[in-house]
Amino acid sequence: MQARSAPALIGWLSLAQLISWGSVFYGYSLLLEPVERELGLSRAETSLAFSLALLAEGLLAWPVGRLIDRGHERAVMTGGSLVLGACLLLHSAVDSQASFYLAWLGLGVGLSGTLYPPAFAVVIRRYPHNFRRAIIVMTFLGGLASTVFMPLTAWLIASLGWRQALWPLAALHLLVCAPIHALMLRGAPPPAAPHPTAPHAPLRRHLLSAPYLLVGVFIVLLMGVTAALPAHMVSLLRSYALPEQGVIAVTAAIGVLQVAGRALLYFFEHHMDLHRVNRLIPCLIPLGLLALLLAPLAGALQMAVVLLFVVVYGMGNGMLTIVKGTAVAEYVSREQAASLNGALGLPMALGRAAAPWLLGLMWTPTGAYTSGLVLMLALALIGVLALVLAQRLARRPGL
């Protein structure tokens, strides 16, 4: 695809990202309680469905990455959108725990071909010399997913019931996202050939390098933490006795702040050291979690502390998407970024699947989510330290 079509490609992919994230990933938190009541499930049992989806998504990351590296991005992303539409329709008809889990396993398969990892891999392949800014632009619209779809899905559920609410969401994937991917991803670049004077390092060498392993720890832990919170955000805020409109408004505001964070990153990253920025951004996640933990202790200032969490975590999570999406390319290898990111599929799958389930498992009627949030805070801090060490090793002369 020629360079002049880059804005159109990025714009349409961004719209598909908004729909994929908003209707499935963020929509789950609104479905959790009504499905739990209707099927007679516990919080841990309901949380397991979301974990199974993340597990399926992560397990497919390696084959998806390899397919994209070989030029099959159009088939991967179009197929993913079709699977999401079909599985949302299946979800609307679930009548047992087994069928509920089956629907979310299928949704995980669809997400593996439609969310940021495959989209970022497409951008890195097509724009190898300007991929970071292209990715930031793509995430502007995608970052509004919760802002658009939290109130939209809440309104659909209130108006139609949770089952019928899934029908228009499914239609968006079948009638909007699938055509976008089928039409805009034509003409994929061929697989990259090694330069005759600078052959690629063997993939195995990168897989065993210390920078890659440490970047992997960072990505796995931070992805786990940021996957756990959206699944439980509505129930968590309700446990703080916030009014229902406030709960929806707070979760929707996170999307706006994600975009605000990315806008700041876009305009100011050339005025700051890239590696310093990559170190500072992830620190906002544990700071946000700390504010969320302190909110119940703040008394009359509770809402102010919750809003502080929304600002810090929302902006941090928005910019963190860029850091996670480009860390392997920045500190390990640009030429084999899709395959190397795909190789993290199993650990990412385990981390992202375990985190929402653990948060649900650690929930208690009296303590709510406090213990689980402490665990998420510890994991986030470990991830930040791993990235800092990876940077130091990758930038050391001779490595």
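Start by selecting Arg70, which sits in the loop between helix H4 (61-69) and H5. This is a predicted model, so everything on this tour is computed from its atoms. Arg70 is partly exposed, with a relative accessible area of 49%. For a sense of scale, add Gly142 to the selection: the two residues are 72 apart in sequence, and their C-alpha atoms are 26 Å apart in space. Keep Gly142 in mind, as it comes back later on the tour.

**Into H5**

Now step along to Glu73, in helix H5. Is Glu73 buried or exposed? Glu73 counts as buried, because its relative accessibility is 0%. Show what surrounds Glu73: leaving aside neighbours within four places in sequence, its contacts are Leu67, Ile68, Val122, Arg125, Arg126, Leu185, Ala188 and Pro189.

Next door, pick Arg74, also found in helix H5 (residues 73-91). Arg74 has 38% relative accessibility, so it counts as partly exposed. Which residues does Arg74 touch, not counting those up to four places away in sequence? Display His181, Ala182, Leu185 and Arg186. Leu185 is thus on the contact list of Arg74 and on that of Glu73. Zoom in on Ala182 as well: its backbone oxygen lies 2.6 Å from a polar atom of the Arg74 side chain. If you want a long view before moving on, select Arg276, which is 202 residues from Arg74 in sequence and 35 Å from it in space, C-alpha to C-alpha.

**Over to H7**

Three of the Glu73 contacts, Val122, Arg125 and Arg126, are good handles for the next stop, since they are among the buried residues of H7. Select the whole of helix H7 (residues 116-126) and you'll find it mostly covered, with ten of its eleven residues buried. Those buried residues are Tyr116, Pro118, Ala119, Phe120, Ala121, Val122, Val123, Ile124, Arg125 and Arg126.

**H1 against H10**

Next, color helix H1 (residues 6-25) and helix H10 (residues 162-184). Their axes come within 10 Å and cross at roughly 155°. That angle makes H1 roughly antiparallel to H10, and H1 passes H10 in a left-handed crossing. To see the contact, show these side chains:

- From H1: Ala8, Leu9, Trp12, Leu13, Leu15, Ala16, Ile19, Ser20, Ser23 and Val24.
- From H10: Leu169, Leu172, His173, Val176, Cys177, Ile180, His181 and Met184.

Color them by class and you get 14 nonpolar, four polar and no charged residues. His181 has turned up before, in the contact list of Arg74.

**H1 against H8**

Keep H1 on screen and bring in helix H8 (residues 131-142). The axes of H1 and H8 come within 7 Å and cross at roughly 45°, which means H1 is oblique to H8. H1 passes H8 in a right-handed crossing. On the H1 side, pick Ile10, Leu13, Ser14, Leu15, Gln17 and Leu18; on the H8 side, pick Ala134, Val137, Met138, Leu141 and Gly142. By class, this contact has eight nonpolar, three polar and no charged residues. Here is Gly142 again, as part of the H8 side. Leu13 and Leu15 of H1 take part here, and both also belong to the contact with H10.

**H12 against H17**

Hide those helices and select helix H12 (residues 210-239) together with helix H17 (residues 345-361). How far apart are their axes, and at what angle do they pack? The axes are 8 Å apart, and the angle is about 35°. H12 passes H17 in a right-handed crossing. The residues to show are:

- From H12: Ile219, Val220, Met223, Gly224, Ala227, Ala228, Leu229, Ala231 and His232.
- From H17: Pro347, Met348, Gly351, Arg352, Ala355, Pro356, Leu359 and Gly360.

By class they divide into twelve nonpolar, four polar and one charged.

**Two alanines to finish**

Most residues other than glycine have a negative phi. With that in mind, look in the loop between H12 and helix H13 (244-268), where you'll find Ala241. Ala241 isn't a glycine, yet it has a positive phi of about 65°. Ala241 is exposed, with a relative accessible area of 67%.

Then jump to the loop between H17 and helix H18 (370-394) and click on Ala368. Ala368 has a positive phi too, of about 50°, and is not a glycine either. Is Ala368 buried or exposed? With a relative accessible area of 17%, Ala368 is buried, whereas Ala241 is exposed.

Notes: Residues numbered from 1 in each chain as written. Predicted model: local features only at pLDDT ≥ 70, side-chain atom pairs only at ≥ 80, totals over all residues. Heavy atoms only, no water. Axes fitted to C-alpha atoms, helices over the stretch in contact; angles between N-to-C directions. Helix = DSSP H or I, 4+ residues; strand = E, 2+ residues; numbered from the N terminus. Parallel < 35°, antiparallel > 145°, perpendicular 65-115°, else oblique. Left-handed = near helix turned anticlockwise from the far one by under 90°. Contact = heavy atoms within 4.5 Å. Nonpolar A, V, L, I, M, F, W, Y, C, P; charged D, E, K, R; others polar. Buried < 20%, exposed > 50% of the residue type's maximum accessible area, 1.4 Å probe, protein only. Polar contact = N/O pair within 3.5 Å; in protein donor to acceptor, adjacent residues only side chain to side chain.
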